[in-house]
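Biologist: I'm new to this structure and would like a close look at a single part of it. Could you pick out one helix and walk me through its surroundings?

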Amino acid sequence: MINKLPNWLNAKGHESDIVISSRVRLARNIDNYIFPHRMSTEDKDKLINSVNETIVSSSFIKSAGEMKLSKMDELSGLDREFLLEKHLISPNMLDQYHNRGIVLGLDESISILINEEDHFRIQSFFSGLNLQDAHIIADKVDDALEKFYSYAYHEKYGYLTSCPTNIGTGIRFSVMMHLPALSMTGGLKEVQRSLKLDGFVIRGFFGEGSEGYGSLYQISNQFTIGVKEEDIMIGLEKRINDIIIKEKESREHLFKQKNYEMQDMIYRAYGNIKYSVLLTAKEGMNNVSLIRLGLERGLPFEVAIDYQQLNNLIVLAQNAGLQSYFGKMMSTEERNRMRPRLFKEILKIGG
Amino acid sequence: MICQVCGKNEATICMVKMSNNNKETIYICPVCAGQMDDKLIGSINQLLSPMFDTFFSNSNKLGHDINQICPTCGQTRREWEESRTLNCKDCIQFLDSDEIHNGKIPKNNKEELYVINLIKEKEGHLKQLIAEEKYEEAAKIRDEIKDLKGDFQDDKQTS
């Protein structure tokens, strides 16, 4: 189950050419346990085992659907890294995986992290721009869990979380976007400034400081208290739609001003994938970004390429994704050597 | 090979990072290697400065006693001000904020929790009775558990 590709890559949602995925995360704690930072390992294991019993009960399945728990200690290092690359666990959970667990829905669009920063981190993923459905599903799982656990909740402050920045609704909406034109023209700086004023934040693919990886960016709400979940969602949706318009305008502008240069870059990126012997994940993803831009502009390629193939590479191009794809462990050097083959196979180039 | 950080310059430096017994090799250019040093020093400064501010006084800027202890988990206000982390539900006493939650409220269906806990308790009792070979009493408890579980399912189906 851990080895397959998640649904959020299927490119079937709204605005799938620019918006890769929509995610909702709810942070929850249980009132009669110490929070994970100071929780004893015995209590952590007790909670994991209790969740394991909860998710097989008919009441839970009825409202949340069938799910399966994996103890992080029992997964291989590769499995854990693959979970990170699929954005199902955090970097912190990869480093400190002991006495932690992950509950996954059958298509991996819903998951619950146990004993991460908070007792529960409920996450729901959808492809394209679809915060609403992601929220509905996460909310359902929250309701299902709530029947079995009494949440740490404060009359004034709302849901209590380890980090004060999540207190209140405990909710984070997050949208992953492909913004090559805005990053090329420098327009992202302006976007970042105006988002910040409204309480939203833009980060790179792997979070803070990872800007410029395949022109992929995550935009999310910073504040969680004082505003209703739906209003945070509507606010973010509006910003996302604004950014989509800006990105499209920037693309129009770029191709009007520098049509030949743009085509040259895009076809060189394609050539790079076709002929490179060594390829890092970042270089590969930056090439994929340009091909994606070409696809959206209607540029012809020698093979038919679709968004789902390009999306799958977002996950497969990374270290664990690549090793899972070929089914063997590889050194950094070997991975760089095998990566061009992965890209060519997924995009069906030169087959 | 191209630098894996900026993706522009030629990579001339090979960095090896060790974590959790994993060896990770990164190829970078001299410019990015220089910036990494700056970031490292900056982050150490950031970590240390707030600690010096509160270390030598018994009350914080708002006049709170920094030796105040959370009765549930034992965290002091001094620790809270350094970590800004809630270690349990009662650490919320340390938070000073005018914000008021305006979203979802848990239903906390205590009745259902009560039934679940009751079943668990009776199941424990049942095991004990069987171990002690008190089968007559055990049969009684077994029926009680069955009834409780039945009620529970009925509730689920009608709700």
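Modeller: Here is a walk around helix H11 of chain A, followed by the two domains of that chain. Keep in mind that this is a predicted model. H11(A) runs over residues 307-316, and eight of those ten residues are buried, so the helix is largely enclosed by the rest of the structure. The buried ones are A:Gln309, A:Leu310, A:Asn311, A:Asn312, A:Leu313, A:Ile314, A:Val315 and A:Leu316. What covers them? The cover includes strands E1 (19-28) and E10 (216-221), along with helices H3 (77-85), H10 (281-296), H12 (319-326) and H13 (332-347), again of chain A. At its N-terminal end, H11(A) is capped by A:Asp306, with a side-chain oxygen 3.1 Å from the backbone nitrogen of A:Gln308.

Now step back to the domains. The assignment for chain A gives domain 1 (7-245) and domain 2 (259-347), and their C-alpha centres lie 27 Å apart. Where they meet, 22 residues of domain 1 are in contact with 24 residues of domain 2. About 2,100 Å² is buried between the two, with carbon and sulfur atoms giving 66% of that area. On the domain 1 side, A:Leu9, A:Leu78 and A:Tyr213 lose the most area to domain 2, together 28% of what that side buries. The rule finds zero salt bridges across this interface, but eight residue pairs are in polar contact. H3(A) turns up again here: four residues, the largest share of the domain 1 side touching domain 2, come from that helix. By type, the residues of that side divide into twelve nonpolar, six polar and four charged.

Conventions:
Residues numbered from 1 in each chain as written. Chains lettered and ligands numbered in written order. Predicted model: local features only at pLDDT ≥ 70, side-chain atom pairs only at ≥ 80, totals over all residues. Heavy atoms only, no water. Buried < 20%, exposed > 50% of the residue type's maximum accessible area, 1.4 Å probe, protein only. Contact = heavy atoms within 4.5 Å. Polar contact = N/O pair within 3.5 Å; in protein donor to acceptor, adjacent residues only side chain to side chain. Domains from an automatic or database assignment. Buried area = accessible area lost by both parts, 1.4 Å probe. Salt bridge = Lys/Arg side-chain N within 4 Å of Asp/Glu carboxyl O. Nonpolar A, V, L, I, M, F, W, Y, C, P; charged D, E, K, R; others polar.
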